[in-house]
Amino acid sequence: MTDFLIAPSILSADFARLGAEVDAVLEAGADVVHFDVMDNHFVPNLTIGPMVCSALRKYGVTAPIDVHLMVQPVDRIIGDFAEAGASIITFHPEASTHIDRSLELIRAAGCQSGLVFNPATPLHYLDYVMDKVDVILLMSVNPGFGGQQFIPTTLDKLKEARQRITASGRPIRLEIDGGIKVDNIASVAAAGADMFVAGSAIFNQSDYRTVIEAMRAELAT
Ligand code: DX5
Ligand code: ZN
């Protein structure tokens, strides 16, 4: 049986109560904290940086923190996030001038590394770096905001990414981010995803446990 990871995106959390919100989703059964970093340059929104990641660690969060960088440039923020307690760091290939180097910097900093693909970004960026990625993250919305609609062509792209992972023989995670809900999580799992980011679907409900358990029930079918 595949082990599926549920990664709530704190983009949709109440930032004024962030520590308590993270505790609540982990207590409700989440596996990973998805941490969206936006710079108002690579994407048209501005969020949080290494200080907030570090604050969550000091607050006592021990779960893996999955840092999704939507920033340009990439390299100079990698070390700061590693020091701040990031577990996984992913970036968009368009945002890095030297993709191989950025991936190596992440691993050298002691984190798991990954590439993120926008809906219209081809997977060929993986061609020569499959041995340097631990995670492939496919965006199923255009990045920048929570609460957008899932783009259905992502299903075929997930299948292609899963084929690449199988061919590589490496235990690479296939993460999906954007518009994931209880009613579509089974279809993205069937297409090959094994790590699921969900922001609004979880944080817009009052009872996080009910949503996460409903997602797991869908994954078990
Ligand atoms: C979008 C972010 C996502 C976002 C997902 O740019 O990368 O992680 O928070 O939010 P939902 O699940 O609401 O689409
Ligand atoms: Zn994200």
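This section describes the surroundings of two annotated binding-site residues, D177 and G178, in a predicted model.

The unreviewed UniProt entry lists S9, H68, G144, F145, G146, G147, D177, G178, G179, G199 and S200 under "binding site". Of these positions, D177 belongs to strand β7, which spans residues 173–177, whereas G178 is placed in the loop between β7 and α6 (185–190). D177 counts as buried because 26 C-beta neighbours lie inside 10 Å, where 20 or more are required; G178 is likewise classed as buried because it has 25 C-beta neighbours inside 10 Å.

When residues up to four places away in sequence are set aside, D177 touches H68, L137, M139, S140 and V197, and H68 is itself among the positions listed in the UniProt entry for the binding site. With neighbours within four places in sequence again left aside, G178 is in contact with M139, S140, V141, Q148 and F150. M139 and S140 thus appear among the contacts of D177 and also among those of G178.

Strand β6, comprising residues 135–139, is mostly covered, with four of its five residues buried. On one side of the pairing scheme, β6 and strand β5 (residues 112–117) are paired in the parallel sense over four bridges, and F117 stands opposite L138 in β6. Strands β6 and β7 also run parallel and are joined by five bridges, with L137 opposite E175 in β7. Together with helix α5 (residues 154–168), strands β6 and β7 make a right-handed β-α-β unit.

Terms used:
Residues numbered from 1 in each chain as written. Chains lettered and ligands numbered in written order. Predicted model: local features only at pLDDT ≥ 70, side-chain atom pairs only at ≥ 80, totals over all residues. UniProt positions renumbered as here; feature names shortened; annotations may be inferred. Helix = DSSP H or I, 4+ residues; strand = E, 2+ residues; numbered from the N terminus. Buried ≥ 20, exposed ≤ 12 C-beta atoms within 10 Å, placed from the backbone. Contact = placed C-beta atoms within 7 Å. Pairing = 2+ DSSP bridges. Right-handed = clockwise from strand over helix to strand, strands pointing away.
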